Amino acid sequence: MVDSRRKPVRESQLETKQVKLAIPALLKYVDTKKGKQLNLLNEHDNIQLIIALKKIPSRDKKPRKIPLPHSLHSDSTEVCLITKEESSVVKEMLKAKDVTVNKVISLKKLRKKYNMFEARRQLCSLYDIFICDERIYHLLPRALGKTFMSKKKLPVPVDLKKTNLKKEIAKVLQCSLLSFGFGPCSSIKVAHTGQTAEQAVENVIGAVAEIAKIVPRGWKNIKSLNLKTTDSISLPIYTSLPEKSLDFETSEPLKKKRKKS
């Protein structure tokens with residue numbers, strides 16, 4: 001007889017206990033190995049969540065915005081906006097919508113003034129986050145080059161035609177970015193060493209909850225989750241169990257056929 005009693009799949013399979021063990025260990029590692037150097041430079045080391053999937057989804061055309069309980073940015077964060085129109089036109093529009101950014105650069109000026117590697121490197125170091133008109137997002141990886149890609153500072157696309165543009169930009173500053181489809185593993189910044197352990201733990205749990213919603217097949221497609229800093233080892237916070245065949249779980253064993261005499 002078929003056993004219809006099956007255990008329901010939990011919405012969240014992340015063990016909070018594992019996160020609470022991993023975060024303090026990473027913070028202690030950074031403080032021991034390179035804390036003094038980071039303090040002198042007034043910098044924080046990022047904590048990355050590494051997501052390994054069983055099946056690679058279609059490549060994202062734009063990065064996914066993953067909201068975090070605690071922003072990775074502060075009130076002093078320097079924001080640069082890259083636009084399709086001339087910067088003077090956009091500045092007037094931003095003023096009318098009560099939006100403040102530190103720098104506005106048009107795509108035309110970007111290509112002309114920042115066409116050399118050293119100029120791009122300096123631009124990358126001047127601002128904490130880059131946003132752009134979503135209409136030109138597909139042109140920027142080539143225009144900005146490898147420096148922005150290696151520093152994970154490719155601009156975040158924003159719809160500049162939104163009525164409440166100030167709110168849209170505020171959402172960007174409250175999010176981290178994730179792209180799927182470049183291989184079985186993806187990474188996303190979920191916290192940094194300038195945050196408390198409690199804030200970092202809440203960010204990890206919040207990010208994982210959002211990521212599980214957008215991954216095709218959800219938890220069934222997540223192979224493992226690990227946390228690491230720039231140069232630390234990866235600490236596991238979730239590993240999926242081997243999948244069992246449904247036939248073996250619910251079906252009767254096959255009966256042997258009798259040989260004809």
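Two strands count as paired if DSSP finds at least two bridges between them, and this is the sense in which strand partners are named on this tour of a predicted model.

**The whole chain**

Begin with the entire protein in a cartoon view, where the secondary structure comes to 10 helices and 10 strands. Of its 261 residues, 40% count as buried, and the accessible surface comes to about 17,400 Å², of which 53% belongs to carbon and sulfur atoms. Among contacts between residues at least 6 apart in sequence, 74% join residues at least 24 apart.

**The four-stranded sheet**

Next select strands E8, E1, E9 and E10, which in that order make up an open sheet with antiparallel pairing. Strand E8 (185-192) and E10 stand at the edges with a single partner strand each, so one side of each has no neighbour in the sheet. From one strand to the next, the twist averages 20 degrees.

Within this sheet, zoom in on strand E1 (residues 46-53) and E9, which run antiparallel and are joined by six bridges. If you pick Ala 52, you will find that its bridge partner in E9 is Ser 224.

Now add the helices that touch these strands. Helix H1 (residues 16-33) lies across E1, E9 and E10, and runs at about 165 degrees to E10. Helix H9 also packs on the sheet, where it touches E1, E8, E9 and E10, and its direction makes about 145 degrees with that of E8.

**Strand E5 and its partners**

Move on to strand E5 (residues 129-133), where five of the five residues are buried, so the strand is largely enclosed by the rest of the structure. E5 pairs with E3 in the parallel sense over four bridges, and with strand E6 (residues 156-158), again in the parallel sense, over three bridges. Ile 131 is a useful residue to select here, since it stands opposite Leu 81 and also opposite Val 156 in E6.

**Helix H3**

Select helix H3 (residues 87-96) and show its side chains, among which those to look for are Ser 87, Val 90 and Leu 94, residues that are buried. Seen down the axis of H3, the buried residues fall within an arc of 65 degrees, so they line one face of the helix. These buried residues pack against strand E3 (79-83), strand E4 (103-106) and helix H8 (165-173). If you turn to the other side of H3, you will come to Glu 92, Lys 95 and Ala 96, which are exposed. The helix is followed by Asp 98, whose phi is positive, near 55 degrees.

**The aromatic rings**

Finally, show the aromatic side chains, where rings count as a pair if their centres lie within 6.5 Å; by this rule there are three aromatic pairs. In one of them, Tyr 127 and Phe 130 meet edge-to-face, with 5.9 Å from centre to centre and 80 degrees between the planes. Both Tyr 127 and Phe 130 are buried, and together with Phe 148 they form one aromatic cluster.

Trp 219 and Tyr 238 form another edge-to-face pair, at 4.8 Å centre to centre and with 70 degrees between the planes. Trp 219 lies in the loop between helix H9 (197-214) and strand E9 (222-228), while Tyr 238 belongs to strand E10 (residues 235-239), so the pair ties together parts that are 19 residues apart in sequence. Trp 219 and Tyr 238 are both buried.

Terms used: Residues are numbered from 1 along each chain as its sequence is written. Side-chain values use heavy atoms; hydrogens and water are left out. Rings of Phe, Tyr and Trp (its six-membered ring) pair if their centres lie within 6.5 Å; planes under 30 degrees apart count as stacked, over 60 as edge-to-face and the rest as tilted. Buried means under 20% relative accessible area, exposed over 50%, partly exposed in between (1.4 Å probe, protein chains only). Helices (H or I, at least four residues) and strands (E, at least two) are DSSP runs, numbered from the N terminus. Contact means heavy atoms within 4.5 Å. Accessible areas come from the Shrake-Rupley method with a 1.4 Å probe; for residues, only the protein chains shown count as cover. Axes are lines fitted to C-alpha atoms, for helices over the stretch in contact, and angles run from 0 to 180 degrees between N-to-C directions. The arc is that of the directions from the helix axis to the C-beta atoms.
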